[in-house]
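Trainee: Could you go through this structure with me? I'd like to know what sits behind the words people use for it.

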Amino acid sequence: MKENQPLSGLDSAVTSDGAVAVARLRQYIDQSERLVFFGGAGVSTESGIPDFRSPDGLYRQKYAYPPEEILSRSFFNRRPELFFDFYRDKILHLDAKPNAAHEKLAELEKAGRLTAVITQNIDGLHQAAGAQNVLELHGSVQRNYCVSCHRFYDAAAIAASAGVPRCACGGIIKPDVVLYEEALDDETMWQAQKHIQAADLLIVGGTSLSVYPAAGLIRFFNRGPLVLINKSETAYDQKADLLINDGIAKVLSQIEVKPLISGGAAAAGVRQAGAGQAADDPPGK
Ligand SMILES: [Zn+2]
């Protein structure tokens, strides 16, 4: 079980043996009290949600615009009916279920080890798995608001609508997702930065870290090991303490979650700090 042989460099952790890499990940997690997870599209693809940026053959027959254009604020304003056709077709995946990655992260939070999940995904699957402190950089399909009276609608209401979804008051119902040309939420970004700065272990999964704001946020981490878990290369591979080129659900499913030992003064202090931290965060954001 125990891996006594020291890992001399990154390459051995990557290529020599998947089991060695996972053993090292386990060790990092067992030593961590302020783990933060930062996830991208790869976390959701393992729940069967395809990345909308990789259009298939059928896509081109159906849509005359690239996804980035359809999902822009100006397109939403100009062609809302087309926006919602695409949105219901390609973005809403209400039948998707959390996978082993979502579940393990929720377990780590419950055990008192993980302080935040920061995600670029908008599907709400971390919360569906039971995670509490989820910072959704790009919003969530689970929240929708009338642009006129701000009445709330759930995702099922949007899925069941046809054409442009309308509120009882007549206003358009807009999903609470960050469209291209729209700014990210300042408070969410600030919370993400704060948690990364305080983290003693940062696990980045299912993202190539090539786009803003991911790359920018990672720079705030400087207190412990950086672990990258991604099927392909990322922009930060050279900076990682541990690099695992594999699916995030497969890797995290091999982790055993050990609760922080309570009883010791230090452990109690950490738990207190953890509780205070969680209370800082806006609930149900
Ligand atoms: Zn309304």
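Trainee: What makes up the count of helices and strands in the protein?

Mentor: There are 14 helices and nine strands. A helix here is a DSSP run of H or I with at least four residues, a strand is a run of E with at least two, and both are numbered from the N terminus. Keep in mind that this is a predicted model: local features need pLDDT of at least 70, side-chain atom pairs count only at pLDDT 80 or more, and totals for chains, interfaces and linings use all residues. Residues are numbered from 1 along each chain as its sequence is written.

Trainee: What is the mean pLDDT of the protein?

Mentor: pLDDT is the predictor's confidence in each residue, from 0 to 100. The mean here is 87, and 83% of the residues reach 70 or more. Residues 1-13 stay under 50, and so do residues 263-285.

Trainee: How do you know that S1 and S2 are paired?

Mentor: Two strands pair if DSSP finds at least two bridges between them. S1 and S2 are joined by five bridges, so they pair, and they run parallel. One bridge partner in S2 is Val 117, which goes with Phe 37. On to S7: S1 and S7 also pair in the parallel sense, over five bridges, with Leu 202 in S7 as the bridge partner of Val 36. Four bridges then join S7 to S8, again parallel.

Trainee: Which order do the strands of that sheet take?

Mentor: The six strands go S3-S2-S1-S7-S8-S9 in an open sheet. Strand S3 (134-136) and strand S9 (242-244) are the edge strands, as each pairs on one side only. The twist averages 15° from one strand to the next, with angles running from 0 to 180 degrees between N-to-C directions of axes, which are lines fitted to C-alpha atoms (for helices, over the stretch in contact).

Trainee: Why is S1 called mostly covered?

Mentor: A residue is buried if 20 or more other C-beta atoms lie within 10 Å of its own, exposed if 12 or fewer, and partly exposed in between, with C-beta atoms placed from the backbone. Five of the five residues in S1 are buried, so "mostly covered" fits. Leu 35, Phe 37 and Gly 39 point one way, and Val 36 and Phe 38 the other. In a regular strand the side chains alternate between the two faces of the sheet.

Trainee: What makes the buried residues of H2 lie on the same side?

Mentor: They're Ala 21, Val 22, Leu 25, Tyr 28 and Ile 29. They cover an arc of only 115° around the axis, so they sit on the same side of H2. The arc is that of the directions from the helix axis to the C-beta atoms. Helix H2 (residues 18-31) lies across strand S1 (35-39), S7, S8 and S9.

Trainee: How do you know that the span of H2 is close to the expected one?

Mentor: The expected span is 1.5 Å times one less than the number of residues. H2 has 14 residues and reaches 20 Å from its first C-alpha to its last, close to the 20 Å expected.

Trainee: Which pairing does the sheet S5-S4-S6 have?

Mentor: Those three strands form an open sheet with antiparallel pairing. Strand S4 (residues 139-146) and S6 pair over five bridges, and Asp 176 in S6 is the bridge partner of Ser 140.

Note on methods
Contact = placed C-beta atoms within 7 Å.
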